[in-house]
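Could you walk me through this complex in the viewer, stop by stop? I'd like to know what to select next and what I'll find there.

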Amino acid sequence: MYIETIGWIASALLLISFFMKKMSDFRWYNLAGSFIYVFYGFLTGSMPVIVFNSVCTILNLYYLYYIYNIKDDYSVCLVDRKETYFRYFLNFYKKDISKLFPLFNESLITEKANSYLVMRNNQPIGIFMLEKESEGELSVILDYVIPSARNSKAGLFIHNKLLKELAKDKVQVVISRIINPIHRKYLERIGYTTSAVNARIIINLR
Amino acid sequence: MEEHILFILGWSASALVIISLFMKSMMRMRWISLVGGIIYAGYGLLFGSMPLFGYNILRAIVNVHFLRKLYTKRDLFDILHVPADDAYLLCFIKAFLKDIQKFKPDFSGVIPESSYCIFALRNAQVVGLVITHNGLEGEIVVDLDYAVPQYRDFKSAQFVMEKYAHSISRMASHGLKYFTITGGNSEYNKFLLRIGYELIDGNNLYRMSVETLTSRYLNNVH
């Protein structure tokens, strides 16, 4: 009976893996499932199950190595707010942007705003927009990454490299126009300490 | 007898699912994996393993679900005219200049103001770039026809040409007769011939008439 239980556990892990959105999660669950299935194959005496799941285990290990060792190249492209491609990109992801940043609207893209296309391997994956406030504050207007590229690497690039470079010697950056709890949680997850005062999120850059 | 059937089912199912993992096309991967999974379920049933049977039935359902999604969700291909001084265009050219010069060594990366620049887009990602300018009367000179490495295949080119033909057909009424393009390396020249250009002289010059473009690509536009 305990043999069957092992088989069901392996099956459950494999099935869960198919619903993972992140490639690395998919591989980890799939690795665990196929590894346990190898044992199940031994216990039930099925050669095809042993061989098949051993091959899957090895393939999963290979892909995991690949995922963790691939180096993506992140960069930015400073664009003008009226430019054709920038507008196309903004319009293409309009629905998703308004879902994540309900307070964002086009009237916030003023002449004073600096807009950057965030690029991964030379393809645009997001928009970062900010503006200098009067008392030496930076205000983030938009901090958007497209769903397929939304991972901690993209976030860390935008915040640790781009934002710190733009903020230079300032230790605080303020997000007031697009304040929302989802974005704040995300900022905290990638390592910032934040505080919300008077409908503003303050990022401490340290 | 039953042992033989078990043998055939178990190994063929294993082989199919493993083969499916090496498919580059998502669609083909799902189909092969679906067939492999169903055979595996049969193996599990005959072998008397409920987990193996149950898992493979559920996985077949998951595969059908993903296949349905693949067939209903289409990528959005589009073309976009951008001015020669568009900041992202300049970023794009800077990033891919080395790759462009591999097959077109005379391309400097500087775009004259009078050029027409057209991005080919797949889900808002730039997969190709065409730069042209007006030549002699009725002639459009193609200065660059570039596709990023992942989309350097005939099917993508066809998609872009169809979109392009659609907007060109309107220009034909303004006296446009043909396109001229200078060849590059041999691989690139072969590609030009394949998409409909003809070599017109020994100076590596290729030409396609508007009629050729529209008859080859226009009927397919929905």
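Start by selecting Ala10(A), which sits in helix α1 (residues 2–17) of chain A. Bear in mind that you are looking at a predicted model. Is Ala10(A) buried or exposed? With 25 other C-beta atoms within 10 Å, Ala10(A) is buried, since 20 or more is what it takes to count as such. Now add its contacts: leaving aside residues up to four places away in sequence, Ala10(A) touches Gly33(A), Ile36(A), Tyr37(A) and Tyr40(A). Put a distance label on Ala10(A) and Ala32(A), too: the C-alpha atoms are 7.4 Å apart, although 22 residues separate the two in sequence.

**Next: the α2/α3 pair of chain A**

Select helix α2 (residues 23–44) of chain A and helix α3 (residues 47–69) of chain A; their axes come within 8 Å and cross at roughly 155 degrees. That angle is over 145 degrees, so α2(A) is roughly antiparallel to α3(A). The crossing is left-handed. Show side chains along the contact and you'll pick up, from α2(A), residues including Arg27(A), Leu31(A), Phe35(A), Val38(A) and Phe42(A). Across from them, the α3(A) side includes Ile50(A), Asn53(A), Thr57(A), Leu61(A) and Leu64(A). Colour the contact by class and you get 14 nonpolar residues, eight polar and one charged. Tyr37(A) and Tyr40(A), which you met as contacts of Ala10(A), belong to the α2(A) side of this contact as well.

**Then: the matching names in chain B**

Hop over to helix α2 (residues 26–47) of chain B and helix α3 (residues 50–72) of chain B. Here the axes come within 8 Å and cross at roughly 160 degrees, so α2(B) and α3(B) are roughly antiparallel to each other. This crossing is left-handed. By class, the contact of α2(B) with α3(B) holds 17 nonpolar, five polar and two charged residues.

**Where the chains meet**

Keep α3(A) selected and add α1(B): the two pack at an angle of about 10 degrees, with their axes 9 Å apart. An angle under 35 degrees counts as roughly parallel, so α3(A) and α1(B) are roughly parallel to each other. On the α3(A) side, pick Pro48(A), Val51(A), Phe52(A), Val55(A) and Leu59(A). They meet Gly10(B), Trp11(B), Ser14(B), Val17(B), Ile18(B) and Leu21(B) in α1(B). Nine residues of this contact are nonpolar and two are polar, with no charged ones.

Now widen the selection to the whole contact between the chains, which takes 29 residues from chain B and 29 residues from chain A. Which elements of chain B give two or more residues to the side that touches chain A? They are α1 (2–21), α3, β1 (77–82) and α4 (87–103) of chain B. The largest share, eight residues, comes from α3(B). Sorted by class, the chain B side has 22 nonpolar, five polar and two charged residues.

**A loop worth a torsion check**

Still in chain B, zoom in on the loop between β2 (116–122) and β3 (125–134), where Asn123(B) is found. Asn123(B) has a positive phi, near 50 degrees, in a residue other than glycine. Ala124(B) is found in the loop between β2 and β3 too, and its phi is also positive, about 70 degrees, although it is not a glycine. How many C-beta neighbours does Asn123(B) have inside 10 Å? It has 13, so Asn123(B) counts as partly exposed. Ala124(B), with 19, counts as partly exposed.

**Back to chain A: helix α6**

Select helix α6 (residues 152–167) of chain A and highlight Phe157(A), Ile158(A) and His159(A), which are buried. Show what covers the buried residues of α6(A) and you'll find, among others, β1 (74–79), β2 (114–120), β3 (123–132) and β4 (138–145) of chain A. Step just past α6(A) to Lys168(A), which takes a positive phi of about 50 degrees.

**Last stop: colour by confidence**

Chain A averages a pLDDT of 86, with 97% of the residues scoring at least 70. Among its elements, strand β5 (residues 172–175) has the lowest mean, 74, and helix α4 (residues 84–92) the highest, 93. For chain B the mean is 85, and 94% of its residues reach 70 or more. Confidence in chain B is lowest in helix α5 (residues 154–172), at a mean of 73, and highest in α4(B), at 91. For the complex, the predictor gives an ipTM of 0.71 and a pTM of 0.73.

Note on methods: Residues numbered from 1 in each chain as written. Chains lettered and ligands numbered in written order. Predicted model: local features only at pLDDT ≥ 70, side-chain atom pairs only at ≥ 80, totals over all residues. Axes fitted to C-alpha atoms, helices over the stretch in contact; angles between N-to-C directions. Helix = DSSP H or I, 4+ residues; strand = E, 2+ residues; numbered from the N terminus. Parallel < 35°, antiparallel > 145°, perpendicular 65-115°, else oblique. Left-handed = near helix turned anticlockwise from the far one by under 90°. Nonpolar A, V, L, I, M, F, W, Y, C, P; charged D, E, K, R; others polar. Contact = placed C-beta atoms within 7 Å. pLDDT = per-residue confidence, 0-100. Buried ≥ 20, exposed ≤ 12 C-beta atoms within 10 Å, placed from the backbone.
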